[in-house]
Structure formats: C-alpha cells, structure tokens
Amino acid sequence: MDIGLTLFQTLVASAAMLGVALAVLLIYIRASGVKSSQPAGDKNEPYVGGEQQPFDEESIGSGNLFWSIINQSLKTLYRRIVDRFNTYEIDAWLVYMSAWLAFLIILLIIVVVVL
Amino acid sequence: MMITASMLQSFAEFLIAAFIFPGLLFVFIAALLNQWYMRKVLARMQNRVGPRFVGLFGMLQPFYDFYKLLSKERVTPNYGRGTLYAFFIGIGIGSTIATLLFLPISPFRLYGFFDVVIFVYLGIWSTVAFAIASLMFPNKFSSIGVSRLVSLMFVYEPTWFFAILTPIVLVSRHTSGISYSVLGTIEGFSALLSNPLYVALTAVSLAAAIISLQCKLGLQPFDIPEADTEIIAGVYTEFSGAKLALASLFHDVEVLAGALIVVFLFLGGPLPFDLVTIGGVLSIVLKFLVVVFLLVAVKASSARYRIDQAIGFFGYPLLVSLVALVIATFV
C-alpha cells in the first residue's frame with residue numbers, strides 16, 4: 001500500500017471539493033445582483049418558524065450573559081467575604097464607614113500637604 | 001522542487017476536471033437535464049404532462065427555474081447564516097464532483113491503492129455538508145429533518161459502502177490491476193463476468209446499492225428528512241430563493257453522481273464497447289437513464305415510511321450486502 005499516493009489523492013480530492021465550494025459561494029454572492037424581470041408585488045413579513053415574537057425581545061443580551069458567568073463563578077468567594085466581614089448590625093456598618101471616610105480624609109490631607 | 005511541463009499539464013487537467021468536465025459546468029448542465037428527465041418520467045407515471053413550454057419538450061424548464069429562484073428576494077431569518085449555508089452546499093456539491101474524478105470519464109485520473117476509502121469519505125461528506133447547511137437556519141422543523149437525515153445516514157451509508165465494496169473486492173482479488181481502487185475495478189470489470197457466482201454477488205449488491213441510493217437521495221419511500229406537510233418541508237423548510245436553487249442543484253448533482261457511480265461500478269460503464277467510442281457513450285447514457293428510471297419508478301409507486309419502519313427495513317439490504325461482501329472476500 002503506497003501511503004504517499006493515497007495522501008496525494010486525498011489532497012487533490014479535497015482541493016477539488018474546496019475549489020468547487022468556493023466557486024459555488026462566489027456564484028451565490030454574485031447572483032445577489034440578478035434582478036427579477038417581474039415587478040415586486042406586496043411583501044409580507046417573513047414567517048420565521050412559528051415563534052410569536054422576534055427572538056431579540058425574548059433572548060438574554062450578551063452583556064448579561066457575561067455578567068451571569070462572572071456572578072456564578074465568583075459567588076462562593078463573594079459569600080465568603082460577606083460572611084467574614086458582615087456582622088449584620090447597622091452600628092458596625094456606621095463604624096466601618098466612618099473609619100473608611102476618616103482614612104480617606106487623612107489620605108487627602110497628606111496628599112495636599114506633601115505635594 | 002522544479003515545476004516541469006508535465007506538472008503544469010496535470011494541473012491544467014485537474015482544473016478542467018474540477019470545473020469543466022466532469023466538473024462544475026458539466027455537472028450543472030447534466031444534472032438539470034436529468035432533473036427534466038426525472039420530472040417528465042414521473043409526470044407520465046402520474047398521468048400528467050410534466051415540463052412542456054420552455055425549450056424543446058420543456059428541456060430548459062429546470063434551467064429557467066434555477067434562474068428564477070436566483071433572482072428572487074433573499075429572505076434569511078434571524079440568526080440565519082446565508083453565506084455559510086452557500087459554502088456548505090458548495091462543499092456538498094464539491095465533494096460529489098470530487099467522487100466523479102475517480103471515474104474514467106475524468107481527464108484527470110485519480111487512482112491509487114485503497115482509494116475506495118477516499119471515495120466513500122467524499123460520499124459521506126455530501127450528506128454531512130447538507131445537514132450542516134440545513135442547520136445554518138434556526139428552525140424546529142429543520143432540526144427534526146436533520147435528526148432524521150442523520151439517523152438514516154447511519155443505516156444507508158454502511159449499506160452503500162458494503163455494496164460498492166463487493167465488486168471492488170471481487171475485481172481486486174481476481175485481477176492484477178490496481179487493487180481496491182475504483183478506477184482499477186472499472187477497468188477490470190470484465191473479470192466479474194467470467195464466473196456466474198461473481199455476477200450473482202454483483203447483482204445482489206446492485207440491488208442493495210440502488211435501495212441505499214434511493215435513501216441517500218431522499219426519494220420516496222425514504223423522503224423522511226423532507227416529509228412534506230408532516231414537518232413542513234423538513235431540512236428544506238428555510239430554503240427559499242437562491243438558497244432553494246442551490247439546494248435543488250445539490251440534489252440533482254447527487255442524483256447524477258449516484259446513478260453514474262452505479263452505472264460504472266455495477267453495470268460495467270461503457271461495456272460492451274470502449275469508453276471513447278460512440279457506442280461506449282451511448283451505452284453509459286442508456287444505462288444511466290435505466291437506473292434513474294428505476295429510482296423514479298420506485299418513487300412514483302410508493303408512500304413514505306415512518307423513520308422506525310425505514311431503519312427496520314434497512315436491516316435487509318444491510319445484511320444482504322454484508323453477506324455478499326463476506327462471500328466475495330472468501331470466494
């Protein structure tokens with residue numbers, strides 16, 4: 001069995017297949033310029049496979065899809081951080097926010113004074 | 001590597017074979033003429049007149065239909081991929097044309113040991129490409145059609161493979177030509193006629209091949225993937241205008257290539273004449289018309305199977321062709 005010959009044949013046959021495919025594609029694209037000899041009549045909206053409303057209104061936007069993946073994958077990390085830091089008391093939140101604001105003010109003073 | 005004159009010549013032969021004869025141009029004309037023949041025969045069987053007005057006896061009707069479909073408005077549903085669809089239909093037509101390069105009608109001879117594997121591979125590509133092309137448009141009826149097409153593919157492709165392998169194995173084992181090659185089988189076909197057993201095995205596998213061809217082409221009773229009115233038009237549901245023109249051309253090309261393969265591998269091609277004589281060409285055309293007539297006769301006289309009935313039915317030709325192949329291997 002001559003492997004080389006068979007490989008060559010496969011390549012030649014595939015080249016013929018692909019060449020004809022590209023030729024058909026070219027004909028399809030070029031044929032969009034073919035004009036009908038008859039005047040266009042009334043046009044209805046195309047009936048698309050039974051759905052009652054356009055797909056766009058029913059499907060999820062691609063941006064939401066992205067964020068849902070982020071949310072799903074980072075959910076456990078988020079829960080862990082929340083359980084660690086959240087005491088579920090409004091006073092703790094007040095203390096934390098005051099401390100954070102104080103830190104920011106100190107940072108601001110340092111920046112203004114030094115620079 | 002030097003480019004020699006003989007390489008240039010074979011490249012030119014390859015281009016001619018792929019795009020002119022027996023390539024795209026020839027296949028386009030012959031397939032549409034064959035469509036006219038099938039429509040005319042089917043119409044006579046159903047007491048109709050068939051195509052009549054365009055050209056001599058309506059011979060140009062398929063050409064006019066093709067042109068008319070090309071010029072129609074292009075409707076592509078949301079999320080459809082028209083260009084990719086055309087590419088995959090092109091792959092289907094291309095793989096079918098590439099199988100014709102293995103036959104002796106091609107000026108570019110493609111042959112080698114075990115090239116039957118490539119031959120069958122290309123044949124499977126045409127069905128797969130059509131299934132993918134149909135899936136380019138989101139439609140539940142297309143999906144059902146494609147699932148039926150793929151289910152059927154798993155029964156008729158093995159049958160087709162076993163059937164065409166039988167004459168190839170017989171000729172390869174009893175002649176000294178190129179073994180397990182399509183071209184070698186056609187050239188050494190007269191060896192099959194030397195023994196009544198070989199003739200019987202070839203006849204049995206011919207029957208299996210024609211049944212699986214009927215299914216491969218989606219003609220009744222195996223038009224299950226299309227299934228008019230049951231699943232709208234199945235795999236054809238979303239095809240309109242230029243897309244329908246390409247799909248119908250692809251179907252006609254498959255009919256042409258399938259019948260030609262049957263003529264060459266099972267009926268001896270130009271026998272009893274030589275290939276490049278008037279007698280040889282007439283012999284090929286006559287056998288071709290008889291094979292297509294058989295396909296149309298079965299189509300006209302039968303009703304559609306259910307998918308489970310069709311798959312159950314295919315057990316018989318599958319078994320018979322397998323047994324014929326096993327006998328051919330040991331005889």
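**A walk through chain B and its contact with chain A**

Let's start in the interior of this predicted model. The largest nonpolar core holds 111 residues, and the members that touch the most others are Ile89(B), Ala209(B), Leu246(B), Leu260(B) and Val262(B). Helix α9 of chain B, residues 242-266, supplies the largest share of this core, with 18 residues. Val262(B) is a good place to pause: leaving aside residues up to four places away in sequence, Val262(B) touches Ala209(B), Ile210(B), Leu213(B), Leu267(B) and Val291(B). In soluble globular proteins, nonpolar side chains tend to be buried together.

From here, let's turn to the place where the chains meet. The contact draws 37 residues from chain B and 30 residues from chain A. On the side of chain B that touches chain A, the elements giving two or more residues are α1 (5-19), α4 (82-100), α5 (116-134), α6 (140-174) and α9 of chain B. Of that side, α4(B) provides the largest share, 10 residues. Sorted by class, the side of chain B that touches chain A has 25 nonpolar, 8 polar and 4 charged residues.

Now follow chain B to helix α12, residues 315-330. How far apart should the ends of this helix be? With 16 residues at 1.5 Å a residue, α12 of chain B should span 22 Å, and its end C-alpha atoms are 23 Å apart, which agrees. Which residues of α12(B) are buried? They are Pro317(B), Leu318(B), Ser321(B), Ala324(B), Leu325(B) and Ala328(B). Viewed down the axis of α12(B), these buried residues fall within an arc of 135°, so they line one face of the helix. The spacing behind such a pattern is simple: an α-helix has 3.6 residues a turn, so residues three or four places apart point the same way. Among the elements covering the buried residues of α12(B) are α6 and α8 (196-216) of chain B. The face turned away from the buried side of α12(B) carries the exposed residues Gly315(B), Tyr316(B) and Phe330(B).

Just a little further on, Val331(B) lies in the segment after α12 of chain B. Is Val331(B) buried or partly exposed? Val331(B) has 13 other C-beta atoms within 10 Å, so this residue is partly exposed. Its C-alpha atom is separated by 24 Å from that of Val120(B), and these two residues are 211 residues apart along the chain.

Finally, a word on confidence. Chain B averages a pLDDT of 90, and 100% of the residues score at least 70. For the complex, the predictor gives an ipTM of 0.79 and a pTM of 0.79.

How values were computed. Residues are numbered from 1 along each chain as its sequence is written. Chains are lettered from A and ligands numbered from 1 in the order in which they are written. This is a predicted model: local features need pLDDT of at least 70, side-chain atom pairs count only at pLDDT 80 or more; totals for chains, interfaces and linings use all residues. A nonpolar core is a set of buried Ala, Val, Leu, Ile, Met, Phe, Trp, Tyr and Cys residues joined through C-beta atoms within 7 Å. A residue is buried if 20 or more other C-beta atoms lie within 10 Å of its own, exposed if 12 or fewer, and partly exposed in between; C-beta atoms are placed from the backbone. Helices (H or I, at least four residues) and strands (E, at least two) are DSSP runs, numbered from the N terminus. Two residues are in contact if their C-beta atoms, placed from the backbone, lie within 7 Å. Ala, Val, Leu, Ile, Met, Phe, Trp, Tyr, Cys and Pro count as nonpolar, Asp, Glu, Lys and Arg as charged, and the others, Gly among them, as polar. The expected span of a helix is 1.5 Å times one less than its number of residues. The arc is that of the directions from the helix axis to the C-beta atoms. pLDDT is the predictor's confidence in each residue, from 0 to 100.
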